[in-house]
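Please work through the exercises below with the sequence and the structure at hand, trying each task before you read its solution.

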Amino acid sequence: MMVAAPALAHTVASGDQAFIEASTGTQIGPFIYLGAKHMVTGYDHLLFLIGVIFFVYRLKHVAAYVTLFAIGHSVTLLGGVLFGINVNAYLIDAIIGLSIVYKALDNLDAWHRWFGVQPNTRLAVLVFGLFHGLGLATKVQDFDMSPDGLLANLISFNVGVELGQLLALSAILIAMGYWRRSRSFMANSRAANLALMTAGFVLFGLQMTGFFVA
């Protein structure tokens, strides 16, 4: 945590950044690909999704949570870029790290045991979806993007993000499905969520270090 690291969670590869800044006009296919790539390689999103579906077994409930997350993510990604809502990327990514901590604690039933209350999980997923989208929007605003085709390209990018989310979620559900059928799932579920919580705190620490050092 003492290393002055960049806000890695929403980092865009230099080659992709060069393409984005050089693009003019509508580029639907390439921006869908870039959006999907971002989601599939965005470990903060993946860790949060793992936490969200960890104890969710019914497909309709999984779909509800993913839809809420997608709505929140889409609103702040598109709105943040189009309306120039600029927030410090380190602070946003620190909050995203805490979103992973929150969901891990929720899975451990910490809120009920500590405070006697159970937060609205669906509302929490929507709110954290807003933060995840805003985190990406702060990165996109750093690029010198051409206004020609900007809206169409942003929508294409967002479509790609949601497609990437479905691909990543499919892989996670398959892996979780196999694990849930084994005896080790319930025995190790607490340790898994403690590891998830630790990862969230590490991300939070890295981002706050970056905020104070950068």
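**Exercise 1. The nonpolar patch**

Find which residues make the nonpolar surface patch of about 750 Å², and say which helix gives the most to the patch.

Solution. In this predicted model, the patch is made by Leu82, Phe83, Ile85, Leu151, Ile155, Val159, Leu163 and Leu166. The next step is to place these residues on the helices, and here α8 gives the most, with 5 residues. Helix α8 covers residues 150–180, while Leu82, another member of the patch, has its place in helix α4, residues 59–82. Leu82 counts as partly exposed because its relative accessibility is 40%, and a residue needs over 30% relative accessible area to be taken into a patch.

**Exercise 2. A contact between two helices**

Decide whether Leu78 is buried, partly exposed or exposed, and list what Leu78 touches beyond residues up to four places away in sequence.

Solution. Begin with the location, which is helix α4. Leu78 has a relative accessible area of 21%, and it is therefore partly exposed, since buried would require a value under 20%. Turning to its surroundings, and not counting residues up to four places away in sequence, Leu78 touches Leu154, Ile155 and Asn158. For one of these partners the distance can be stated: Leu78 and Ile155 are 77 residues apart in sequence, and their C-alpha atoms are 7.4 Å apart in space. Ile155 is also one of the residues of the nonpolar patch.

**Exercise 3. Salt bridges**

How many salt bridges does a search of the whole structure find, and which side chains meet in a salt bridge at 3.0 Å, N to O?

Solution. The general idea comes before the search: side chains of opposite charge can pair when their charged atoms come close. The search of the whole structure finds 1 salt bridge, in which the side chains of Asp106 and Lys103 meet at 3.0 Å, N to O. Both residues lie in helix α5 (residues 89–107), where they are 3 residues apart, or about one turn of the helix. An α-helix has 3.6 residues a turn, so residues three or four places apart point the same way. The last step is accessibility: Asp106 counts as buried because its relative accessibility is 10%, and Lys103 counts as buried because its value is 4%.

**Exercise 4. A buried arginine**

Establish whether Arg180 is buried or exposed, find its nearest side chain of opposite charge, and then follow its contacts to Phe55.

Solution. Arg180 is found in helix α8. Arg180 is buried yet has no salt bridge, and the nearest side chain of opposite charge, Asp106, is 13 Å away, whereas a salt bridge needs the nitrogen and oxygen to lie within 4 Å. What Arg180 does touch, not counting residues up to four places away in sequence, is Ile53, Phe54, Phe55, Val56, Tyr57 and Phe185.

Now take Phe55, which lies in the loop between α3 and α4. Phe55 counts as partly exposed because its relative accessibility is 31%. Leaving aside its neighbours within four places in sequence, Phe55 is in contact with Asn107, Arg180, Phe185, Met186, Ser189 and Asn193. Of these partners, Ser189 is 134 residues from Phe55 in sequence, yet the two are 9.3 Å apart in space, C-alpha to C-alpha.

**Exercise 5. Distance along the chain and in space**

Determine how far Val52 lies from Leu151, both in sequence and in space, and name the contacts of Val52.

Solution. The place of Val52 is in helix α3 (residues 43–53), and Val52 counts as buried because its relative accessibility is 5%. Val52 and Leu151 are 99 residues apart in sequence and 30 Å apart in space, C-alpha to C-alpha. Leaving aside neighbours within four places in sequence, Val52 is in contact with Tyr65, Lys103 and Val125; Lys103 also takes part in the salt bridge with Asp106.

**Exercise 6. The span of a helix**

Compare the reach of helix α2 with the span expected at 1.5 Å a residue, and then name the buried residues of α2.

Solution. Helix α2 (residues 28–41) has 14 residues, and from its first C-alpha to its last it reaches 20 Å, close to the expected 20 Å. The buried residues of α2 are Phe31, Leu34, Gly35, Ala36, His38 and Met39.

Conventions:
Residues numbered from 1 in each chain as written. Predicted model: local features only at pLDDT ≥ 70, side-chain atom pairs only at ≥ 80, totals over all residues. Heavy atoms only, no water. Helix = DSSP H or I, 4+ residues; strand = E, 2+ residues; numbered from the N terminus. Buried < 20%, exposed > 50% of the residue type's maximum accessible area, 1.4 Å probe, protein only. Lys, Arg positive; Asp, Glu negative; His and termini not counted. Contact = heavy atoms within 4.5 Å. Expected span 1.5 Å × (residues − 1). Patch = residues over 30% accessible without salt bridge, like charges linked within 9 Å, V, L, I, M, F, W, Y side chains within 5 Å. Areas by Shrake-Rupley, 256 points an atom, 1.4 Å probe, with all protein chains shown as cover.
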